[in-house]
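Work through the exercises below with the sequence and the coordinates at hand, and try each task before reading its solution.

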Amino acid sequence: MDRRKFITSTGAAAAGALLINPVSAMTTSHRSARAKKRLGLVGTGVRGIGMFGRDLLRNYSDYVELVGLCDTNPGRLRVADEAIGAGCPTFTSLEEMVRKQAPETLIVTTEDSSHHEVIIKGMELGCDIITEKPLTIDEVKAQAIIDAERKYGKRVIVTFNYRYPPYRAKMKELIMEGMIGDIRSVDFHWNIHHGHLQQYMMRWHGESNRGGTLWVHKSTHHFDMANWFINSEPAQVQAFGTLERFGSKGPFRGKNCRNCAHTAKCQYYWNINDNEWLRRLYADNEHYDGYIRDNCVFRHQIDIHEKHSAIVKYANGAYLNYSLTADTDFDGYWIAFNGTKGRLEARVLGYPRKDHVDLVFTPVSIYNNRSPEVIKVEFARGGHWGGDPIMNDKLFKDPDMPDPLGQQAGVRDGVMSILIGVAARKSIAGSRPVNIAGLTDLEPMKVKPAFT
Ligand SMILES: NC(=O)c1ccc[n+]([C@@H]2O[C@H](COP(=O)([O-])OP(=O)(O)OC[C@H]3O[C@@H](n4cnc5c(N)ncnc54)[C@H](O)[C@@H]3O)[C@@H](O)[C@H]2O)c1
């Protein structure tokens, strides 16, 4: 299906689908009377409200219309409705929202562990999908999404915003132009500072059945970047991972931070009530569903890793040497591509202190007196190193915008990125290398297929 069809596809469903498909069942006159794309937002936490609620309204209201908000927590839904200010109906039931409001596309910003339910149900009800990363958290849910996409023929886009910052686009361009030849290996090391990790541990991200561990929740971004840059699919993973400080490793524990008996001596004490926005959105609404935003970082349910190290072998023979060190006083990363003609390298602080990134190209012929070349790429304004607004322009303003670097991603990309994390978890549990083939029915390919 091409991009133009994506915009109009929901109006072209087969007659047989009309009875069960509320979106397709809209009359032609109803459809042609409006030009804006009808969107439903599912999951109104901080990400849904900020990135796809307020920003959409502020920047894209000439192109799209939010026709419904949905969240299983009615209190959070009320606060989100006020904060977004779209003035559209709100729903605690996805099915009811789609039947009453007939969105053409659902934006999925629920917890990672429920993405698959919303994606599959949304497609069944006739909607295209734009989903936050990670696509899902394990191989069984991934296969269910693959099957549903085949069955319902809808379009699913995974918002890999890490592909969009201008300096990463520049790296991709240089690699595609053959500047470093064929990539033989990649060194990719990401650090998260203590404060960031503490927030993960307090939230659902600390529990593997809710966020798939940081191997999936966080590293899906990194593995997708690697797959995209290397332009091949992962074949085998060998990994190590450890939890050293949080969860059961901690000296004491309480119910949640604000009510804990150990606040005076706990270095991680954080009072959510000091932040009015987070209190209203989360703490005030926990009685509805037991969602606790400030869980104890030493609770026994924490079963993720802080230290992650993996080697990934790609179907084209390239190796990825990867680490995610999530308990440091540094936030940022270093990536280097070793190719047959040279090496391309970038170091980036999580919170940039300068307005550009230096890409360092070291030709293989350095030993013949050629010096490294520094290519400066300016930061763009906006979230995630300037990537979010560029991605959103393509999603909402001009879906026909050319995509020469292949930045837009679909189900296959989403699956291949999470499967590296899934294989890493299995590798650690079984102390063995794990093959990607067999986790789902997708066979890793030497050349990554383009998403069209
Ligand atoms: N791309 C990025 O850079 C980026 C950044 C932040 C978050 N995210 C992703 O965005 C998503 C949301 O993150 P968040 O921090 O806002 O989480 P959150 O927990 O604050 O919000 C999720 C919301 O989903 C609701 N929910 C859960 N299951 C639901 C269901 N089945 N139907 C409807 N609502 C449901 C919860 O009640 C909650 O309000 C996550 O998948 C996260 O990984 C991506």
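Three exercises follow, on confidence, on the sheet and on the surroundings of the ligand.

**Exercise 1.** Decide which residues of this predicted model have a pLDDT that stays under 50.

*Solution.* Begin with the chain as a whole, which averages a pLDDT of 91, with 91% of the residues scoring at least 70. Then turn to residues 1-34, where pLDDT stays under 50, although the model has 42 contacts beyond four places in sequence for this stretch. Where pLDDT is low, the predicted coordinates should not be read in detail.

**Exercise 2.** Establish the order of the strands in the open sheet, and find which are the edge strands.

*Solution.* First, the 6 strands follow the order E3-E2-E1-E4-E5-E6, with parallel pairing, in an open sheet. Next, strand E3 (90-91) and strand E6 (156-158) each pair on one side only, and these are the edge strands. At the E3 side, strand E2 (residues 64-70) pairs with E3 in the parallel sense over 2 bridges, and Leu69 stands opposite Thr90 in E3. Finally, helix H3 lies across strand E1 (37-42), E2 and strand E4 (105-108), and runs at about 150° to E2.

**Exercise 3.** Describe the shell around the ligand by residue, by element and by class.

*Solution.* Start with the residues: 27 surround the ligand, and the closest are Gly43, Gly45, Arg47, Thr110 and Glu132. The elements that give two or more residues to this shell are helix H3 (46-60) and helix H6 (115-124), and H3 gives the most, with 3 residues. Sorted by class, the shell holds 13 polar, 8 charged and 6 nonpolar residues.

Technical notes:
Residues numbered from 1 in each chain as written. Predicted model: local features only at pLDDT ≥ 70, side-chain atom pairs only at ≥ 80, totals over all residues. pLDDT = per-residue confidence, 0-100. Contact = placed C-beta atoms within 7 Å. Near = placed C-beta within 6 Å. Helix = DSSP H or I, 4+ residues; strand = E, 2+ residues; numbered from the N terminus. Nonpolar A, V, L, I, M, F, W, Y, C, P; charged D, E, K, R; others polar. Pairing = 2+ DSSP bridges. Axes fitted to C-alpha atoms, helices over the stretch in contact; angles between N-to-C directions.
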